[in-house]
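Please open the model in your viewer, with a cartoon representation and a way of selecting residues by number. The tour below moves from one selection to the next and says what is to be found at each stop.

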Amino acid sequence: MTLCATPESLRAAVQALAGHTHVFLDCEGQTLGEVGGKLSLLNLGVVHQDHSSRLQTFLIDVLAFQGSMAQQLNPIFDILRSEQVFKVVFDGRMDASELLNGHGVQLKNALDLQVADIASREQHESVDRRLQRLVGFLPQYEVNRNRALYLQVQRLNGLDYAMREHGVHSAGKGYVDHDKWLQRPLSQASLHYAADDIRKIWLLYNKFVEKGYISNGTLTQQTARYLALHGTTRHPRNDKYKSHGLFPLGILSGPVSGATVRCQGCRRDLPISAFSCPSHPSNGFCFVCRAINSKNGGTVTTTSFRRRIIDYDDLYNDFDNEDLYNDFDDDDYFHYGRGF
Ligand SMILES: [Zn+2]
């Protein structure tokens, strides 16, 4: 792991990254992609195929390159924009939004392993298992009573949980205070936490390659749709229709011909088949937003309230707190957290 906070170390990183066709990518910062968001670390990993596969990770200190120094980041941003370099991320939605809205960088030729995880279920998972995943986000009785409403709804995995589910063994996530990403100097614990995410993304990617989940260009097209969800604007904090643990509709299948209707929750234009009431879709919510409305009373927790339960991470298999800006914690909180 190399922290790059000087022009010299940044140049050395650019040199080391040059010529690599695959880069593992992750970002750390404050409420990335949301109003008030700010990028702190841009983390890139490359694998050297010398004697054995060796991962080399660079943590680019974006805050060290501001003002007149900012242009020094351009060679790194060029890698992110490049169609020739393949970027592997896990839940890159907020990272992509922050890069675009904060730095004008459009992430291209990317593969999001969270999308690959969902796509793998399409091949190998029964409908019953898929519905059962929703329990926790939704009450069991709601899933049992209204199965037809949830057939298109997929629950997302966090990185740690995806690794466990796919048989990648790795130590659990340590604790890091996500409020402190903008402080300097960063603690060794924070730097290791950031580097460890790159290592985990690499390990999960290797497993997906081994299992044959990553075999064609479809996933990069699906990823492009996934990363474009937040578009060219930052979304408000705690928007329950934007930050949640469900996979948005239409990402795997892509655009369909025919009429579309704007969902009243996520505000996306979706085909009529995405709505439970085809005769009046214009009044409605898509299946995913409808599930959010039905979620254990539909209440949204505040960030500070969510943060209080981070320490319970080890207690709950389903609980992945790696990304405070999305709502995996929130989802699981409602299932497991009641009574705290
Ligand atoms: Zn919707």
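What follows begins with the whole chain, then visits the sheet, a helix, and several individual residues.

**The whole chain**

Keep in mind throughout that this is a predicted model. Colour the chain by pLDDT to begin with: the average is 86, and 86% of the residues score at least 70. Then select residues 299-340, where pLDDT stays under 50 and for which the model has 68 contacts beyond four places in sequence. Where pLDDT is low, the predicted coordinates should not be read in detail. Returning to the full view, the secondary structure comes to 12 helices and 10 strands, and of the 340 residues 42% count as buried. Among contacts between residues at least 6 apart in sequence, 65% join residues at least 24 apart.

**The six-stranded sheet**

Next, display the strands of the open sheet, of which there are 6, arranged in the order 1-4-3-2-5-6 with mixed pairing. Strand 1 (2-4) and strand 6 each have a single partner strand and stand at the edges, so one side of each is left without a neighbour in the sheet. From one strand to the next, the twist averages 25 degrees.

Now add helix 1 (residues 7-17), which lies across strand 1, strand 2, strand 3 (38-49) and strand 4 (53-61), and which runs at about 120 degrees to strand 1. In the loop between strand 1 and helix 1, select Thr6. Thr6 has 14 C-beta neighbours inside 10 Å and therefore counts as partly exposed. A distance drawn from the C-alpha of Thr6 to that of Phe65 should read 8.2 Å, although the two residues are 59 apart in sequence.

**Strands 2, 5 and 6**

Move along the sheet to strand 2 (residues 22-30) and strand 5 (residues 86-89), which run parallel and are joined by 3 bridges. One pair to pick out here is Phe24 and its bridge partner in strand 5, Val88. On passing to strand 6 (residues 110-112), one finds that strand 5 pairs with it in the parallel sense, again over 3 bridges. Adding helix 3 (residues 93-103) to strand 5 and strand 6 completes a right-handed β-α-β unit.

Stop at Asp112, which lies in strand 6 and is the bridge partner of Val89. Their C-alpha atoms are separated by 4.9 Å, with the two positions 23 residues apart along the chain. Is Asp112 buried or exposed? Asp112 is buried, because 27 other C-beta atoms lie within 10 Å. Leaving aside its neighbours within four places in sequence, its contacts are Val89, Phe90, Asp91, Gly92, Thr223, Tyr226 and Leu227.

**Helix 8 and the loop before it**

Select Arg184 and Pro185 and show the backbone atoms, since a cis peptide bond joins the two, with omega about -5 degrees. Pro185 is placed in the loop between helix 7 (159-165) and helix 8. Helix 8 (residues 188-210) itself has 23 residues and reaches 33 Å from its first C-alpha to its last, close to the 33 Å expected at 1.5 Å a residue.

Showing the side chains of helix 8, look for its buried residues, among them Leu191, Ala194, Ala195, Ile198, Ile201, Leu204, Tyr205 and Phe208. An α-helix has 3.6 residues a turn, so residues three or four places apart point the same way. Polar or charged names can be picked from the buried set as well, including Ser190, Asp197 and Lys200. Beyond the helix comes Gly212, whose phi is positive, near 80 degrees.

**Two asparagines with positive phi**

For the last stops, recall that most residues other than glycine have a negative phi, and most peptide bonds are trans. Select Asn109 in the loop between helix 3 and strand 6; its phi is positive, near 50 degrees. Asn109 counts as partly exposed, with 18 C-beta neighbours inside 10 Å.

Where does Asn238 lie? Asn238 is found in the loop between helix 9 (218-227) and strand 8 (246-247), and its phi is likewise a positive value, near 60 degrees. With 17 other C-beta atoms within 10 Å, Asn238 is partly exposed.

Technical notes: Residues are numbered from 1 along each chain as its sequence is written. Two strands pair if DSSP finds at least two bridges between them. Helices (H or I, at least four residues) and strands (E, at least two) are DSSP runs, numbered from the N terminus. A crossover is right-handed if, with the strands pointing away from the viewer, the path from the first strand over the helix to the second runs clockwise. pLDDT is the predictor's confidence in each residue, from 0 to 100. Two residues are in contact if their C-beta atoms, placed from the backbone, lie within 7 Å. Axes are lines fitted to C-alpha atoms, for helices over the stretch in contact, and angles run from 0 to 180 degrees between N-to-C directions. The expected span of a helix is 1.5 Å times one less than its number of residues. A residue is buried if 20 or more other C-beta atoms lie within 10 Å of its own, exposed if 12 or fewer, and partly exposed in between; C-beta atoms are placed from the backbone.
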